[in-house]
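Student: Please take a close look at one part of this model and carry it through in a single connected answer. I would like the cut-offs behind each term as you go.

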Amino acid sequence: MKRIEILTARTPHPPVSYPYPTEKELAYWFELMDRFGTKPVAFDSEIRGKEFMKYLTNPDRETYDTQMKALKDDIDFTAALGCTIMRA
């Protein structure tokens, strides 16, 4: 079985809605994985870099909360696609 990783900086997102895929989209995603004999392994996240840089230069609770929500969304998205690795 071939293993794949999703590189968000270089390729568009998989054929599912980011960061909240529907059940129908996920079923299609896993159908594609079966059809091509592939297994999703890793998702490279782009944890909203501009927001993170804003937080580093001017930390505040709202920006922190936004970053943590983005991180949780990316973790959930990674798991929904069947990946066991997420890199940021």
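Tutor: E5 stands opposite A42 in strand 2, and this pair of residues is a convenient place to begin. The model is predicted, so that local features need pLDDT of at least 70 and side-chain atom pairs count only at pLDDT 80 or more, whereas totals for chains, interfaces and linings use all residues. Residues are numbered from 1 along each chain as its sequence is written, and side-chain values use heavy atoms, with hydrogens and water left out.

Strand 1 and strand 2 pair in the parallel sense over six bridges, where pairing requires that DSSP finds at least two bridges between two strands. Helices (H or I, at least four residues) and strands (E, at least two) are DSSP runs numbered from the N terminus. Helix 1 lies across both strand 1 and strand 2, and runs at about 125° to strand 2. Helix 3 also packs on the sheet, where it touches strand 2 and strand 3, and its direction makes about 145° with that of strand 3. Angles of this kind run from 0 to 180 degrees between N-to-C directions, with axes taken as lines fitted to C-alpha atoms, for helices over the stretch in contact; contact itself means heavy atoms within 4.5 Å.

The sheet as a whole is open and has three strands in the order 1-2-3, with parallel pairing. Its edges are strand 1 and strand 3 (85-87), each of which pairs on one side only. From one strand to the next the twist averages 30°. Read along the sequence, the pattern is β-α-β-α-α-β, which comes to three helices and three strands.

Now to the rings around strand 2. A pair of aromatic rings is described by the distance of the centres and the angle of the planes. Here rings of Phe, Tyr and Trp (its six-membered ring) pair if their centres lie within 6.5 Å, and planes under 30 degrees apart count as stacked, over 60 as edge-to-face and the rest as tilted. By this rule there are three aromatic pairs. One of them joins Y18 and F43 in a tilted arrangement, at 6.5 Å centre to centre and 35° between the planes. Y18 lies in the loop between strand 1 (2-7) and helix 1 (23-35), while F43 belongs to strand 2 (residues 38-44), so the pair ties together parts that are 25 residues apart in sequence. Y18 counts as partly exposed because its relative accessibility is 29%, and F43 counts as buried because the value there is 1%. F43 also pairs with F77, this time edge-to-face, at 5.2 Å centre to centre and 65° between the planes. Since F43 lies in strand 2 and F77 in helix 3 (residues 61-80), this second pair ties together parts that are 34 residues apart in sequence. Both F43 and F77 are buried, a term that means under 20% relative accessible area, against over 50% for exposed and in between for partly exposed (1.4 Å probe, protein chains only). Ring pairs thus link Y18, F43 and F77 into a cluster.

F43 and F77 also belong to the largest nonpolar core, which has 10 residues in all, the others being I6, V16, L26, W29, L32, M33, L81 and C83. Its largest share, four residues, comes from helix 1. Such a core is a set of buried Ala, Val, Leu, Ile, Met, Phe, Trp, Tyr and Cys residues joined through side-chain atoms within 4.5 Å.

The loop that holds Y18 has a further feature, for the peptide bond from Y18 to P19 is cis, with omega near 0°; P19 lies in the loop between strand 1 and helix 1. Most residues other than glycine have a negative phi, and most peptide bonds are trans.

Beyond strand 2, S45 sits in the loop between strand 2 and helix 2 (49-57) and, at 8% relative accessibility, counts as buried. Not counting residues up to four places away in sequence, S45 touches T8, D74, M86, R87 and A88. The C-alpha atoms of S45 and I6 are 8.8 Å apart in space, although the two residues are 39 apart in sequence.
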